[in-house]
Amino acid sequence: MKIHQLRAFNDNFIFVVEKNGLAMVVDPGDAAPVLEFLVKESLKLHSILLTHCHNDHIGGVKGILKYYEALVLGPARLKEYGITPDHVLDKTQSFEFAQT
């Protein structure tokens with residue numbers, strides 16, 4: 001497993017977790033660096049994990065989903081921001097990404 005750090009805006013980062021050719025994007029506030037990275041690295045997007053609902057963490061989701069089908073995981077409040085999570089998570093839950 002590899003974890004990549006992508007710069008977003010002036011003071012933020014987006015994380016991409018890579019395993020077995022699959023990617024999980026964490027808190028994509030901006031779609032552009034994610035889309036560029038996925039193409040450059042030839043990764044298949046598996047899921048998007050959102051830790052909370054600030055725009056600098058969710059702002060790129062809709063742009064990414066225009067190009068990729070991916071599971072969206074995050075808090076139920078995402079619906080208030082026009083994002084419907086496939087799996088609602090709270091701070092007590094865990095999950096495994098790209099099991100082999």
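**Exercise 1. Describe how E2 and E3 are joined, and trace the residues of E3 to their partners.**

Solution. Begin with the sense of pairing: E2 and E3 run antiparallel and are linked by 5 bridges. The model considered here is a predicted one, and in it the two strands make a hairpin that leaves 2 residues between them. Within that turn, Asn20 has a positive phi of about 55 degrees. Next, take one bridge as a point of reference: Val16 has Val25 of E3 as its bridge partner. Then turn to the other neighbour of E3, where Val25 stands opposite Ile48 in E4, and where Leu22 has Lys44 of E4 as its bridge partner. Finally, consider the surroundings of this strand: 4 of the 5 residues of E3 are buried, so that the strand is mostly covered, buried being taken as under 20% relative accessible area.

**Exercise 2. Work out the strand order of the sheet and the sense in which its strands pair.**

Solution. The sheet is open and holds 6 strands in the order E1-E2-E3-E4-E5-E6, with mixed pairing. Its edges are formed by strand E1 (2-8) and strand E6 (87-88), each of which pairs on one side only. From the E1 edge, the step to strand E2 (residues 12-19) is antiparallel and is made by 7 bridges, among them the one in which Gln5 is partnered by Phe15 of E2. The step from E2 to E3 is again antiparallel, with 5 bridges. The sense then becomes parallel, since E3 and E4 pair in that way over 5 bridges. Strand E5 (residues 71-74) continues in the parallel sense, being joined to E4 by 3 bridges, and here Leu49 has Leu73 of E5 as its bridge partner. As background to these steps, strands of a sheet pair through backbone hydrogen bonds, either parallel or antiparallel.

**Exercise 3. Determine the handedness of the crossover from E3 to E4, and place Ala32 in relation to it.**

Solution. The parallel pair in question is E3 and E4, held by 5 bridges. Between these strands the chain passes through H1, and the resulting β-α-β crossover is right-handed. One residue of helix H1 is Ala32, which is partly exposed at a relative accessible area of 47%. The C-alpha atom of Ala32 is separated by 9.0 Å from that of Ala8, although these residues are 24 apart along the chain.

**Exercise 4. Which side chains meet in salt bridges, and how accessible are the residues concerned?**

Solution. The count comes to 2 salt bridges. In one of them, the side chains of Glu41 and Lys40 meet at 3.9 Å, N to O; in the other, those of Arg77 and Glu80 meet at 3.6 Å, N to O. To classify the four residues, recall that exposed means over 50% relative accessible area and buried under 20%, with partly exposed in between. Lys40, at 60%, is therefore exposed, whereas Glu41, at 34%, is partly exposed. In the other pair, Glu80 is exposed with 58%, while Arg77 counts as partly exposed at 44%.

**Exercise 5. Assess the overall architecture of the protein and its compactness.**

Solution. First list the elements: the secondary structure comes to 3 helices and 6 strands, which follow the pattern β-β-β-α-β-α-α-β-β when read along the sequence. The radius of gyration is 13 Å, close to the 13 Å given by the globule rule for 100 residues, so the protein is as compact as a globular protein of that length. Along the principal axes, the C-alpha atoms fill a box of roughly 35 × 35 × 25 Å. Two further values complete the description: 45% of the 100 residues are buried, and, of the contacts with a separation of 6 or more, 41% are between residues 24 or more positions apart.

Definitions and conventions:
Residues are numbered from 1 along each chain as its sequence is written. This is a predicted model: local features need pLDDT of at least 70, side-chain atom pairs count only at pLDDT 80 or more; totals for chains, interfaces and linings use all residues. Side-chain values use heavy atoms; hydrogens and water are left out. A salt bridge is a side-chain nitrogen of Lys or Arg within 4 Å of a carboxyl oxygen of Asp or Glu. Buried means under 20% relative accessible area, exposed over 50%, partly exposed in between (1.4 Å probe, protein chains only). A crossover is right-handed if, with the strands pointing away from the viewer, the path from the first strand over the helix to the second runs clockwise. The radius of gyration is taken over C-alpha atoms; the globule rule is 2.2 Å times the number of residues to the power 0.38. Contact means heavy atoms within 4.5 Å.
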